[in-house]
Amino acid sequence: MLHVNIHKQLAHYEMAIQFKMGAEILVLVGPSGSGKTTILNSIAGLVHPDSGLIVSNTHTFFDTDQKPLPARERQIGYLFQDYALFPHMTVEKNIWYGVKKKNRKDSQKMIVELLQVLGIEHLLHKYPHQVSGGEKQRVGLARALAARPSVLLLDEPLSALDRETRKQCQDELLRLHEMWKIPFIIVTHDLDEAERLGDRIIYLEQGQITDEQRKRQLISTY
Amino acid sequence: MKRFLFSVLVIILSALFVGCSATDKKPNEEVELLISAAASLTDALEELKGPFEEKHEGIRLTYNFGSSGKLATNIENGAPSDVFLSASTKDMNSMEEKGLIDNESRKVFASNALVLIAPKDSAIEIASFEDIDLAAIAHLAVGEPASVPVGRYTKETLETLDLWEPLQEKLVLGSDVRQVLTYVEMGNADAGVVYSSDAFMSDDVNVLAESNAAWHAPIVYPGAVVKDSKHQQAAQQFLDYVTSDAGMETLRKFGFK
Amino acid sequence: MLEMDYSPLILSLKVAAISTFFVFVVGVMIAYYVAKRDFFGKSILEALFLLPLVLPPTVVGFGLLVLFGKNGWIGSWLLEWFDFQIVFTWIGAVIASIVVSFPLMYQSAAAAFESLDERLSNAARTMGASEWRVFYTIVFPLAWPGLLAGLVLSFARGLGEFGATLMLAGYIPGKTDTIPMAIYFAVESGQMEKATFWVMIIITFGFSLILWVNWWSKRNIRRFTRT
């Protein structure tokens with residue numbers, strides 16, 4: 001469902017990454033500066049590889065020597081580190097930002113459900129600075145999913161949360177994945193978290209895949 | 001007791017010292033004369049500076065050029081100045097009324113005429129002030145009549161010729177005579193009215209006509225020593241030099257009369 | 001009460017408003033374009049933008065005369081093709097005001113854009129927003145406090161512009177006499193009452209503008225700076 005092949009010269013090393021994935025949870029683990037975020041940004045279209053191929057279902061995002069597909073046409077859900085919520089918009093406006101006008105009606109039911117699952121219906125009229133860290137994380141998730149993405153990227157989604165909230169959010173992520181059944185790519189440097197969340201774990205160092213692990217009890221969907 | 005005497009001595013000595021420095025000016029100490037002069041005199045006075053300082057050792061000249069009205073206001077508001085060389089009798093009269101100048105020293109040191117000028121490459125042909133063709137002129141640059149003397153004389157002249165009212169829409173008022181000259185030199189105004197001494201100095205304008213002295217109050221340059229001047233004697237020396245033969249010759253060289 | 005001609009007030013407001021409008025639109029566009037990019041000669045270009053801020057007004061005025069005068073590069077061209085003259089018109093006052101207030105707008109806008117978190121724009125892009133939508137829903141509202149400061153500074157600067165205006169627009173009573181010119185010529189001709197009147201007007205305007213902006217930004221700062 002998602003094919004990723006990235007070659008890119010970075011400041012201190014050359015990145016060469018290749019993997020394929022289905023509707024599973026893939027966790028990228030590695031020390032900071034190992035290129036995790038660059039992989040997410042390349043998939044999202046915020047940076048471009050020097051060469052390679054990125055294909056999601058039937059859409060070619062990037063192919064060497066072709067004009068890359070702009071970020072806005074990739075239908076990617078991206079939960080940024082620290083969430084990057086729009087500070088001047090209410091929670092409701094944040095969540096609806098990515099929903100196309102013509103899809104408003106169809107999305108209504110799905111978003112109400114999403115808000116229920118995440119337990120943030122009561123926050124709709126608040127501004128981001130008025131809600132807690134855990135709530136922000138949920139708002140960010142709702143916002144990323146509201147536009148019906150075909151892939152969800154999460155950059156250190158839980159690192160800013162305390163232990164208790166983190167546990168809760170991990171369960172939520174797993175539940176959401178059950179519901180949505182799309183590829184989730186999660187970046188983290190926390191090994192415990194990686195093992196709890198990931199169907200597959202890819203270990204990165206200096207832009208290279210050093211190891212790969214698959215949970216035995218789960219059967220890959222591709 | 002010793003201590004007390006010593007303090008008294010110190011006080012007496014310092015009083016003496018202060019007294020000395022205030023009254024007994026050494027004769028060979030350098031005097032800086034501040035001359036407030038109408039802007040139109042700039043070039044002539046700069047030329048006078050060298051010969052004067054050579055002749056009067058110990059006196060240094062510092063000029064402050066501006067419009068006569070502005071200089072008068074400055075002096076009235078306490079700006080330091082030793083000699084006031086005005087381009088207008090009116091400003092000098094008001095200074096005299098307010099007791100700001102030494103009336104004895106006042107005298108006329110130069111006179112001037114008004115001329116109509118056009119840019120060097122202009123095709124305009126006007127033989128005299130009376131023939132100013134309203135249709136041929138889009139903008140006539142003149143001095144602002146309330147504050148710039150050349151503007152007041154221009155207004156008088158044009159009023160005498162019944163041209164002031166018809167020209168209202170076309171007048172561009174300069175803040176001093178140099179600005180009027182610049183407007184014409186760069187070709188932005190089709191014509192302008194300045195002193196003959198100003199036109200004389202510019203290579204970029206043609207003099208079309210000279211005004212008749214009967215059309216406006218006499219354009220004379222009165223000069224006087226400022227009452228608050230701390231160098232009355234040197235100031236008088238400078239004024240005398242300006243009106244001497246050597247001074248007059250320099251002024252004539254720059255288009256004054 | 002003095003017999004007063006209020007045309008300088010109307011003219012000054014008109015000139016400052018029109019020049020501020022242009023300066024705002026152009027300043028914001030250029031600052032947004034330049035702030036996001038790194039290219040050869042960027043700092044030279046920025047220094048050029050800020051130059052009118054440090055030049056004496058008469059130098060700016062002279063430069064404008066060389067450009068827009070009847071025999072100037074642009075002025076002669078406009079005159080020949082459109083029979084349109086800038087020098088000695090209120091349009092000249094607008095142009096002088098644009099040139100001297102542009103650096104203030106550019107400076108404020110560039111600082112506002114550079115301090116924005118690029119991830120917010122990127123988040124909008126991944127949600128399908130076009131570059132234009134990113135600009136007017138994210139960048140513009142978040143940069144607004146800085147842009148407003150630039151806007152007010154430009155307006156105040158335009159209202160007070162004198163030196164360059166006098167050279168380009170000239171002093172034509174009823175046509176190009178802005179408040180600063182009215183003040184200057186009132187002082188020159190000893191009409192102190194008239195001068196005081198206009199000085200009070202311009203101080204009141206400038207003071208209340210700055211006061212209002214400070215009050216406004218203090219009130220709204222939370223919404224725009226915290227995330």
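**Exercise 1. Describe chain B as a whole.**

Task: State what share of the 257 residues of chain B count as buried, and how many helices and strands the chain has.

Solution. Start with burial. Of the 257 residues of chain B, 50% count as buried. Buried means under 20% relative accessible area, exposed over 50%, and partly exposed in between, with a 1.4 Å probe and protein chains only. The model is predicted: local features need pLDDT of at least 70, side-chain atom pairs count only at pLDDT 80 or more, and totals for chains, interfaces and linings use all residues. Residues are numbered from 1 along each chain as its sequence is written, chains are lettered from A and ligands numbered from 1 in the order in which they are written, and side-chain values use heavy atoms, with hydrogens and water left out.

Next, secondary structure. Chain B has ten helices and ten strands. Helices (H or I, at least four residues) and strands (E, at least two) are DSSP runs, numbered from the N terminus.

Last, contacts, meaning heavy atoms within 4.5 Å. Among contacts in chain B with a separation of 6 or more, 79% are between residues 24 or more positions apart.

**Exercise 2. Place strand S10 of chain B.**

Task: Which strands pair with S10(B), and in which sense?

Solution. Take burial before pairing. S10(B) covers residues 220-225, and six of the six are buried, so the strand is largely enclosed by the rest of the structure. In a regular strand the side chains alternate between the two faces of the sheet. Here Val220(B), Pro222(B) and Ala224(B) lie on one side, with Tyr221(B), Gly223(B) and Val225(B) on the other. Both faces are covered.

Now the partners. Two strands pair if DSSP finds at least two bridges between them. S3(B), residues 83-85, runs antiparallel to S10(B) and is joined to it by three bridges. Phe84(B) stands opposite Ala224(B). S4(B), residues 107-111, also pairs with S10(B) in the antiparallel sense, over four bridges. There, Ala110(B) has Tyr221(B) as its bridge partner.

**Exercise 3. Do the same for strand S7 of chain A.**

Task: Find the strands that pair with S7(A), and the unit that S7(A) makes with H5(A) and S8(A).

Solution. S7(A) spans residues 151-155. Five of the five are buried, so the strand is largely enclosed by the rest of the structure. Val151(A), Leu153(A) and Asp155(A) point one way, Leu152(A) and Leu154(A) the other.

S6(A), residues 76-79, pairs with S7(A) in the parallel sense over four bridges. Ile76(A) has Val151(A) as its bridge partner. S8(A), residues 184-188, pairs with S7(A) in the parallel sense, again over four bridges. Leu152(A) stands opposite Phe184(A).

Add the helix. S7(A), H5(A) (residues 163-180) and S8(A) make a right-handed β-α-β unit. Right-handed means that, with the strands pointing away from the viewer, the path from the first strand over the helix to the second runs clockwise.

**Exercise 4. Find the buried face of helix H3 of chain C.**

Task: Which residues of H3(C) are buried, and what covers them?

Solution. H3(C), residues 57-68, has twelve residues and reaches 16 Å from its first C-alpha to its last. That is close to the expected 16 Å, where the expected span is 1.5 Å times one less than the number of residues.

The buried residues are Val60(C), Gly61(C), Leu64(C), Leu65(C) and Phe68(C). Seen down the helix axis, the buried residues fall within an arc of 140°, so they line one face of H3(C). The arc is that of the directions from the helix axis to the C-beta atoms. Their cover includes H2(C) (42-54), H4(C) (73-82), H5(C) (90-114) and H8(C) (163-169).

**Exercise 5. Locate Ser154 of chain C.**

Task: Is Ser154(C) buried or exposed, and which residues is it in contact with beyond its neighbours within four places in sequence?

Solution. Ser154(C) sits in H7(C), residues 131-160. Its relative accessibility is 0%, so Ser154(C) counts as buried. Leaving aside neighbours within four places in sequence, Ser154(C) is in contact with Thr20(C), Val23(C), Ser101(C), Leu104(C) and Met105(C). Met105(C) is 49 residues from Ser154(C) in sequence, yet 6.1 Å away in space, C-alpha to C-alpha.

**Exercise 6. Compare the chain pairs.**

Task: Which of the two pairs of chains in contact shares the most contacts?

Solution. Chains A and C do. There, 23 residues of chain A are in contact with 22 residues of chain C. The buried area is about 2,100 Å², of which carbon and sulfur atoms give 63%. Buried area is the accessible area (1.4 Å probe) that two parts lose on being put together, summed over both. His88(A), Tyr97(A) and His129(A) supply 33% of the area that chain A buries against chain C.

For chains B and C, 21 residues of chain B are in contact with 22 residues of chain C. They bury about 1,800 Å², 56% of it on carbon and sulfur atoms. In chain B, Leu173(B), Met186(B) and Asn188(B) lose the most area to chain C.

No contact joins chain A and chain B. Their closest C-alpha atoms lie 51 Å apart.
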